[in-house]
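Me: Could you walk me through this model with me asking how each label is earned? I would like the reasoning as well as the labels.

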Amino acid sequence: MFSKVLIANRGEIAVRIIRACRELSIRTVAVFSQADAEALHVQLADEAVCIGPPQAIQSYLKVAAIISAAEITGAEAIHPGYGFLAENPRFAEVCEGCGIQFIGPSAASIQMMGDKAAARRVAASHGVPVLPGSQHPVRDLAEARQLAREIGFPLIIKASAGGGGKGMRVVTAPETLESALATAAAEAAGAFGDAAVYLERYLPDPRHVEIQILMDAHGRGVHLGERDCSIQRRHQKLLEEAPSPALTDSLRQAMGQAALSVAEAAGYRNAGTVEFLLDGRGNFFFMEMNTRIQVEHPVTEMVTGLDLVKAQVRIAAGEPLPVTQADVRLQGHSLECRINAEDPDRFLPSPGKLTNFRAPGGPGVRVDSHAYVGYVVPPYYDSLLGKVIVHGHDRDEAILRMQRALDETLIQGVQTTIPFHQKVLRHPDFLAGRTSTRFLERLTEAQ
Ligand code: MV4
């Protein structure tokens, strides 16, 4: 096992990783920008190194500064968290080249899954359902027209280098294909420096259901059930749950097997998430694979009793998986609400000083946060202040517990998304488990 790990991140996930390392008796090195000198991850780590000015491009995204910090402090491994450098194949490669263990998959796996058209091809060629669409980026308008005839309308244009909704266009009729193709390609080129796009049949009102997997360095893997992340706004997840109210046990088994097939086909190692779209008739389709620990990983931890971050560190150190598929049992129900420092109506950032903060507690409540009284939320990074996670015997208990937990929470000095969550948690469609990626659209239209 490693004796010292550097955490190349900030905020709640840096704190989460430090906690896992502590429980593994591993010393920790925090890195921080000049805006984060007072941050909780800096306070909780054994050592901390300033890596540059506030802008992420000059600090948390600066490969040379982070590698130098690891070398100066003698860290043997780097955990990237999520965002920043977590899915940057070049960073994973530089770590490997410097003899520093990257806590995550190989650079090759990250690269492959970063190409969404290639990932789709890998899934399809291993028997995992994908929506009808192109096997390669489209070459020109003529090819797009031919594909569109095969796929039918509505269809969706997606950026090969994309993910997260950028460079996407829904096309409902042949007349708008040409202009949609041009705008999607231009948006993709601007956002990713790569204009490649592919086509897929569009599902009008799907659920977003993702399967957590763990693969060790010895080729063994397990799936840990699903998370339902249908409640999103502008491709930002806001509330997640496990299990999904829409899955039967047999569908869960089928999706779990499909997720493992994708991971095995990619020679995957460490924790990963395979995202699917689920239609109203129980059909699921591969969407993409995320090669990082995700914000919403705690709901899986609550229902499986496993510590995913510790598992990541152990896998990176070469240890075999501590569980087989037969050991994995899903118990109860978990919900996570993301608490952002935002105006909850307009979803605009609300940076500033936390003049008061009271965290919720009691049975079945977990808080993953870097917030404290006096903390100043900087304007430079994403606005996630933390997550309230609950576990209950069933969905109804989890919902009541979350309502109670959010009622207990007090945050003053910045605006937060708590009022938004309180609205969702009372909504009859949410209470009935009738959620989809259109849920929020309908909620805001109704007002
Ligand atoms: C889709 C889709 C419907 N049909 N693909 C959004 C983010 C990107 N990863 C893929 N996305 C979608 N792809 C097909 N063929 C609908 C979405 C989508 C969506 C997916 C999950 C959660 C929220 C969403 C909101 C709008 C669109």
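Reply: Happy to. Strands here are DSSP runs of E with at least two residues, numbered from the N terminus. Phenylalanine 347 sits in the loop between two such runs, strand S15 (342-343) and strand S16 (348-349). One thing to keep in mind is that this is a predicted model.

Me: Why is phenylalanine 347 called buried?

Reply: Buried means under 20% relative accessible area. Phenylalanine 347 comes out at 13%, so it counts as buried. Its backbone deserves a look too, as phi is positive, about 55°, although the residue is not a glycine.

Me: What makes asparagine 270 a residue to look at alongside it, and is it buried or exposed?

Reply: Asparagine 270 also has a positive phi without being glycine, with a value near 85°. This residue lies in strand S12. Its relative accessible area is 0%, and the cut-off for buried is under 20%, so asparagine 270 is buried.

Me: How do you know that S9 is largely enclosed by the rest of the structure?

Reply: Nine of the nine residues of S9 are buried, and therefore the strand is described as largely enclosed. Both faces are covered. On one side the buried residues are Arg207, Val209, Ile211, Ile213 and Met215, and on the other they are His208, Glu210, Gln212 and Leu214.

Me: What makes S9 and S12 a pair?

Reply: Two strands pair if DSSP finds at least two bridges between them. S9 and S12 have nine bridges, in the antiparallel sense, so they meet that criterion. Leucine 214 stands opposite alanine 271 in S12.

Me: Which strand does S9 join through six bridges?

Reply: That is S10, and the two run antiparallel. Methionine 215 stands opposite glycine 221 in S10. S9 and S10 form a hairpin with five residues between them, and glycine 219 in the turn has a positive phi of about 85°.

Me: Where do these strands fit in the open sheet?

Reply: The sheet has eight strands in the order S13-S12-S9-S10-S11-S14-S21-S19, with antiparallel pairing. Strand S13 (284-290) and strand S19 (365-369) are called edge strands because each pairs on one side only. From one strand to the next, the twist averages 25°. At the S13 end, S12 (residues 270-278) and S13 pair antiparallel over six bridges, and leucine 278 has phenylalanine 284 in S13 as its bridge partner.

Me: Which helix lies across S9 and several other strands?

Reply: Helix H10 (residues 297-304) does. The strands beneath this description are S9 (207-215), S10 (221-233), S11 (236-242), S14 (333-340), S19 and S21 (384-392), and H10 runs at about 20° to S21.

Me: How do you know that the length of helix H8 agrees with expectation?

Reply: H8 (residues 177-192) has 16 residues, and at 1.5 Å a residue it should span 22 Å. The expected span uses one less than the number of residues. The end C-alpha atoms are 22 Å apart, so the two values agree.

Me: Which residues of H8 are buried, and why are they said to be on the same side?

Reply: They are Leu177, Ala180, Leu181, Ala184, Ala185 and Ala188. These residues cover an arc of only 125° around the axis, which means they are on the same side of H8. The buried residues pack against helix H7 (141-151) and strands S6 (155-159), S7 (169-171) and S8 (197-201). Just after H8, glycine 193 takes a positive phi of about 70°.

Me: Why is serine 134 called buried?

Reply: Its relative accessible area is 3%, and buried means under 20%, so the label holds. Serine 134 lies in the loop between helix H6 (116-125) and H7. Leaving aside residues up to four places away in sequence, serine 134 touches Arg120, Leu147, Tyr198 and Leu199.

Me: Where are the cis peptide bonds before proline 154 and proline 243?

Reply: The bond from phenylalanine 153 to proline 154 is cis, with omega near 0°, and proline 154 is in the loop between H7 and S6. The bond joining alanine 242 and proline 243 is cis with omega about -10°. Proline 243 is in the loop between S11 and helix H9 (249-265).

Me: Which domains does the assignment give?

Reply: It gives domain 1 (4-103), domain 2 (132-201) and domain 3 (207-446). Taken over C-alpha atoms, the centres of domain 2 and domain 3 are separated by 29 Å.

Key: Residues are numbered from 1 along each chain as its sequence is written. This is a predicted model: local features need pLDDT of at least 70, side-chain atom pairs count only at pLDDT 80 or more; totals for chains, interfaces and linings use all residues. Side-chain values use heavy atoms; hydrogens and water are left out. Helices (H or I, at least four residues) and strands (E, at least two) are DSSP runs, numbered from the N terminus. Buried means under 20% relative accessible area, exposed over 50%, partly exposed in between (1.4 Å probe, protein chains only). The arc is that of the directions from the helix axis to the C-beta atoms. Contact means heavy atoms within 4.5 Å. Axes are lines fitted to C-alpha atoms, for helices over the stretch in contact, and angles run from 0 to 180 degrees between N-to-C directions. Domain bounds come from an automatic or database domain assignment.
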